[in-house]
Amino acid sequence: MEIRILGAHNLESMSSRLVSILIDGVLALDAGSLSSGLSLAEQGRLEAILLSHQHYDHLKDLPTLGLACMGLGTKAIYAPAPVLEELRGHLFNGRLYPDFTAKPSPEKPAFRLFPVEPRQPLDIQGYRVTAFPISHTPSSVAYEVRAPGGPSLLYTGDTGPGLASLWGEVSPRLLITELTGPDSWEETMLEGGHLTPKHLKAELSGFRKLKGYLPQVVLVHMNPTLEHEIGDQVREMARELGASLELAREGMRLEL
Ligand SMILES: [Zn+2]
Ligand SMILES: [Zn+2]
């Protein structure tokens with residue numbers, strides 16, 4: 001799998017984009033930067049989008065991608081059913097944006113929406129995709145993605161502490177998870193359902209204790225105004241754990 005980080009942050013600016021991860025050019029994890037981070041030709045090649053939860057920073061580019069897809073062909077959007085309901089009610093409602101599930105025509109809409117159920121694997125574009133519940137919003141999910149015969153990637157989306165129950169069910173070679181703020185912002189981060197370095201370290205230590213190894217870890221969803229402090233704490237954590245742990249950046253490519 002070729003993995004491309006299109007957006008690695010929780011704020012958008014000239015130098016930071018919202019979280020989106022592209023797998024082999026065809027499968028996307030979250031939609032924070034699917035139009036702002038891709039050419040129109042690349043948007044055309046995209047086949048399916050997996051949404052981790054309903055917060056707007058993870059959906060932001062769906063309307064602009066939908067407008068492009070009126071001429072580029074149908075994309076499949078997978079998400080927990082409550083997230084699809086939010087899309088229908090608030091974004092694709094014919095008021096803010098067209099109903100992309102019926103336009104440009106009901107036979108060939110811009111988007112087709114498919115609900116995902118936790119722990120029920122799906123075959124999407126030849127990848128085996130499994131969703132797992134995550135502690136962030138009531139319907140948040142993580143996605144495990146595996147190419148045929150290959151290792152797996154786990155993307156948690158936004159998550160607070162409490163990943164221990166997930167570790168028994170997955171064995172990723174690559175873990176893409178979030179680190180929104182540094183430990184000095186611990187209270188605010190926990191209130192928002194996010195990790196800080198201290199809590200990520202506890203989650204990773206639990207993983208190693210249970211599984212006997214640590215995956216390569218790539219971190220997204222950083223607040224750019226706090227990134228310097230986050231980076232210092234992550235480098236220290238990587239040394240202490242003896243682990244491969246790095247902050248993602250826009251344009252980063254990974255092979256799995
Ligand atoms: Zn969120
Ligand atoms: Zn977010």
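In this predicted model, the buried residues of helix α3 are covered by elements that include β5 (75–79) and β6 (111–115). Helix α3 spans residues 81–91, and its buried residues are Val83, Leu84 and Leu87. Seen down the axis of α3, these residues fall within an arc of 100°, so they line one face of the helix. The other side of α3 has exposed residues, Ala81 and Gly89.

The largest nonpolar core has 65 residues. Within this core, Ile21, Ala28, Leu51 and Tyr143 have the most contacts. The surroundings of Ala28 can be listed. Leaving out residues up to four places away in sequence, Ala28 touches Ser20, Ile21 and Leu22. Ala28 also touches Leu34, Leu46, Ile49 and Leu50.

Strands of a sheet pair through backbone hydrogen bonds, in either a parallel or an antiparallel sense. In this model, an open sheet of 7 strands shows mixed pairing. Its strand order is β7-β8-β9-β10-β11-β12-β13. Strands β7 (122–124) and β13 (245–247) are the edges, and each pairs on one side only. From one strand to the next, the twist averages 25°.

At one of these edges, β13 pairs with β12 (residues 216–220). The pairing is parallel and runs over 3 bridges. Leu219 has Leu247 in β13 as its bridge partner. Helix α7 (residues 227–241) packs on the sheet and touches both β12 and β13. The direction of α7 makes about 170° with that of β13.

Notes
Residues numbered from 1 in each chain as written. Chains lettered and ligands numbered in written order. Predicted model: local features only at pLDDT ≥ 70, side-chain atom pairs only at ≥ 80, totals over all residues. Buried ≥ 20, exposed ≤ 12 C-beta atoms within 10 Å, placed from the backbone. Helix = DSSP H or I, 4+ residues; strand = E, 2+ residues; numbered from the N terminus. Arc of directions from axis to C-beta. Contact = placed C-beta atoms within 7 Å. Core = buried A, V, L, I, M, F, W, Y, C linked by C-beta atoms within 7 Å. Pairing = 2+ DSSP bridges. Axes fitted to C-alpha atoms, helices over the stretch in contact; angles between N-to-C directions.
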